[in-house]
Amino acid sequence: MQRTRLLDTHDPRQVAAWRAMSPARRLELAFQAYQFALDAVRLTERRRHPDLSPRELEWRVTRRMQGNPKLGK
């Protein structure tokens, strides 16, 4: 059975890999991760609420990504 690691522990190999990257590469990876999360939220909201207008869908996605359920209301 594999032991789950805490989020606040750091793998020295991962830290070294990030430090070896250029700032531009780190930014690119962060952007890709954000885009992945955005696409996943958009997909789940569309599946949960297939009848939403495109505008309301985007507001729901924005609220979830920002963590603010009152945003835009």
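Accessible areas were obtained by the Shrake-Rupley method with a 1.4 Å probe. On this basis, the chain in this predicted model exposes about 6,600 Å². Carbon and sulfur atoms supply 58% of that area. Of the 73 residues of the chain, 10% count as buried.

The secondary structure consists of 3 helices and 0 strands. Along the sequence, the elements follow the pattern α-α-α. Helix H2 spans residues 23–48, and helix H3 spans residues 54–66. Among contacts in the chain with a separation of 6 or more, 11% are accounted for by residues 24 or more positions apart.

The packing of H2 and H3 was examined next. The axes of these two helices lie 9 Å apart, and the helices pack at an angle of about 125°. This angle makes H2 oblique to H3, since it falls outside the range of 65 to 115 degrees for roughly perpendicular and is not over 145, the limit for roughly antiparallel. The crossing of H2 and H3 is right-handed. On the H2 side, the residues that meet H3 are Tyr34, Ala37, Leu38, Val41, Arg42, Thr44, Glu45, Arg46 and Arg48. Their counterparts in H3 are Pro54, Leu57, Glu58, Arg60, Val61, Arg64 and Met65.

A salt bridge also joins these helices. The side chains of Arg64 and Glu45 meet with an N to O distance of 2.8 Å. This pair links distant parts of the chain, with Arg64 in helix H3 and Glu45 in helix H2, 19 residues apart. The two partners differ in their exposure: Glu45 is buried, with a relative accessible area of 2%, whereas Arg64 is partly exposed, with a relative accessible area of 38%. Glu45 and Arg64 also belong to a network of salt bridges that includes Arg48 and Arg60. Each of these four residues appears in the contact between H2 and H3.

The structure holds 8 salt bridges, and two further examples are described here. Within helix H2, Arg25 forms a salt bridge with Glu28, and the closest N and O atoms are 3.2 Å apart. Because Arg25 and Glu28 are 3 residues apart in this helix, about one helical turn separates them. Arg25 is partly exposed, at 35% relative accessibility, and Glu28 is likewise partly exposed, with a relative accessible area of 39%. The other example is the salt bridge between Asp11 and Arg13, in which the closest N and O atoms are 2.9 Å apart. Asp11 counts as buried at 16% relative accessibility, because this value is under the 20% limit. Arg13, in contrast, counts as exposed at 66%, a value over the 50% limit.

Arg63 is another charged residue with little accessible area. This residue is found in helix H3 and is buried, with a relative accessible area of 10%. When residues up to four places away in sequence are not counted, Arg63 touches Glu56, Asn68, Pro69, Leu71, Gly72 and Lys73. Of these, Glu56 lies within the span of helix H3, residues 54–66.

How values were computed:
Residues are numbered from 1 along each chain as its sequence is written. This is a predicted model: local features need pLDDT of at least 70, side-chain atom pairs count only at pLDDT 80 or more; totals for chains, interfaces and linings use all residues. Side-chain values use heavy atoms; hydrogens and water are left out. Buried means under 20% relative accessible area, exposed over 50%, partly exposed in between (1.4 Å probe, protein chains only). Contact means heavy atoms within 4.5 Å. A salt bridge is a side-chain nitrogen of Lys or Arg within 4 Å of a carboxyl oxygen of Asp or Glu. Axes are lines fitted to C-alpha atoms, for helices over the stretch in contact, and angles run from 0 to 180 degrees between N-to-C directions. Angles under 35 degrees count as roughly parallel, over 145 as roughly antiparallel, 65 to 115 as roughly perpendicular and the rest as oblique. A crossing is left-handed if the near helix is turned anticlockwise from the far one by less than a right angle, and right-handed if clockwise.
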